[in-house]
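Visitor: I have a structure open here and would like to talk it through with you. Could you start me off somewhere in the middle of things?

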Amino acid sequence: MISYEKFGLKEVINASGRMTILGVSKVSKNVLAAQRFGGEHFFEMSDLMIQTGKYLAELLQTEDAQIVSSASAGIAQSVAAVIGEGSLYHAYHPYTNRIAKREIVIPKGHNVDYGTPVEVMIQQGGGRVVETGYANMCSAEHLELMITPETAAILYVKSHHTVQKSMLSVEDAVKVAKKYKLPLIIDAAAEEDLFHYTQAGADLVIYSGAKAIEGPSAGLVIGKKQYVEWTRLQSKGIGRAMKIGKDNVLGFTQAVEDYLALGSESGEMMQQRLNPFIAGVNQIAGLEAKIVQDGAGRDIYRASVKVIGEKSAQTVITELKAENPAIYTREYQANNGIVEFDVRSVNEQELEKIVRRLQEIMR
């Protein structure tokens, strides 16, 4: 019997969001059933990858798709793909000196640490990182300034982690990529729209399987057929160390199908669920709560709790984690005295537990 106690683990209430450090998201019974079918049967794995990719491409109205082990693996393998351009020699020798065209141009404000730096995944794929623009701005002109004969691709990161102000749009990046006949890779790991970026003209788009889609550990690379085929070829090279099991391939495919059919919780529903939580927190001395929208403009709403008592926000965050169940929050605003709560993976009973724990901490 599996349990927290068997392994000496704490239960976790995840008010942080769909974070890798907490296992990202829960999966549905449908997805678990698909995983079980995959686990209980054998397949010709190369055919499984091609056919599930074809099936997903039809669902997502794109030319081709490849399931990978994670969005991070998607970055590394996409970078390797555009450098190798379908060369089997390159797949076997991904860091060969024979290939000099390795520069990956990325806005400086997009080279962020999301658990590991974006540049680490670029380098793992054999790319040389070329930052453009500045920490507080990047324009299409900045992007063009850094393109050379050794540029292999442009990488654009669409994420709440990145700098949001004064940044070129996806459409701007597409125009530059087309002007210089370069592939544009978009890391859209946590994004909810599975159609926009390919339809906007991106050549490869990368998603996390376990975030918005709420599947098992997986990643997805979609886009132009040639580039996806080059990405698939990396299974003979660096992708071997990033392979994904048959159970998660089928579980993820089912998760995408369900996501397209059912969608995700709307921002309006999140706000409705947040209202009683906000009211409860505002009755606690030393705390002021309100509802805020996601900083990157997504249809996601959270509780923003200002700590105005003697304790610091960081102390509240630490004490929330200390007991069992451990309560994890969003810590990005702690230096401003704010603790944020993401309710997408939190039910009503867990919200009540959070209010009680805050009462104990602030008492």
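Guide: Let us start with helix α9, bearing in mind that this is a predicted model. The buried residues of α9 pack against α2 (45-59), β2 (64-68), α3 (71-84), α4 (88-92), β7 and β8 (219-223).

Visitor: Which residues of α9 are the buried ones?

Guide: In α9, which covers residues 225-233, the buried residues are Tyr 227, Val 228, Trp 230, Thr 231, Arg 232 and Leu 233.

Visitor: And on the β7 side, what does Leu 204 touch?

Guide: Leu 204 lies in strand β7, residues 204-208, and leaving aside residues up to four places away in sequence, its contacts include Tyr 227, Val 228 and Thr 231. The others are Ser 78, Val 82, Leu 184, Ile 185, Ile 186, Val 221 and Ile 222.

Visitor: Is Leu 204 buried or exposed, then?

Guide: Leu 204 has a relative accessible area of 1%, and because the cut-off for buried is under 20%, it counts as buried.

Visitor: How far apart are Leu 204 and Val 82?

Guide: In sequence they are separated by 122 residues, while in space the distance from C-alpha to C-alpha is 9.9 Å. Over the chain, 69% of the contacts with a separation of 6 or more are accounted for by residues 24 or more positions apart.

Visitor: What about the largest nonpolar core, which residues have the most contacts inside it?

Guide: That core has 44 residues, and those with the most contacts inside it are Leu 184, Ile 186 and Leu 220. Helix α10, residues 246-262, gives the most to this core, with six residues. Apart from this core lies another, of 31 residues, among them Met 270, Ile 317, Leu 320 and Leu 358.

Visitor: Back to Leu 220, what are its neighbours?

Guide: Not counting residues up to four places away in sequence, Leu 220 touches Leu 56, Leu 60, Ala 65, Gln 66, Ile 67, Val 68, Val 205, Ile 206, Tyr 207 and Phe 252.

Visitor: Changing topic, where does the backbone do something less common?

Guide: As background, most residues other than glycine have a negative phi, and most peptide bonds are trans. Here a cis peptide bond joins Asn 324 and Pro 325, with omega about 10 degrees, and Pro 325 is found in the loop between α12 (313-322) and β11 (326-328).

Visitor: What is phi at Ser 166 and at Lys 181?

Guide: Ser 166 has a positive phi, near 55 degrees, and is found in the loop between β5 (151-157) and α7 (170-179). Lys 181 also has a positive phi, of about 55 degrees, although it is not a glycine, and lies in the loop between α7 and β6 (184-187).

Visitor: How accessible are Ser 166 and Lys 181?

Guide: Ser 166 is partly exposed, with a relative accessible area of 49%, whereas Lys 181 counts as exposed at 74% relative accessibility.

Visitor: Last one, what about the chain overall?

Guide: The chain has 13 helices and twelve strands. Its radius of gyration is 22 Å, close to the 21 Å that the globule rule gives for 363 residues, so the chain is as compact as a globular protein of that length. Of those 363 residues, 53% count as buried, and the accessible surface comes to about 17200 Å², of which 51% belongs to carbon and sulfur atoms.

Terms used:
Residues are numbered from 1 along each chain as its sequence is written. This is a predicted model: local features need pLDDT of at least 70, side-chain atom pairs count only at pLDDT 80 or more; totals for chains, interfaces and linings use all residues. Side-chain values use heavy atoms; hydrogens and water are left out. Helices (H or I, at least four residues) and strands (E, at least two) are DSSP runs, numbered from the N terminus. The radius of gyration is taken over C-alpha atoms; the globule rule is 2.2 Å times the number of residues to the power 0.38. Buried means under 20% relative accessible area, exposed over 50%, partly exposed in between (1.4 Å probe, protein chains only). Contact means heavy atoms within 4.5 Å. Accessible areas come from the Shrake-Rupley method with a 1.4 Å probe; for residues, only the protein chains shown count as cover. A nonpolar core is a set of buried Ala, Val, Leu, Ile, Met, Phe, Trp, Tyr and Cys residues joined through side-chain atoms within 4.5 Å.
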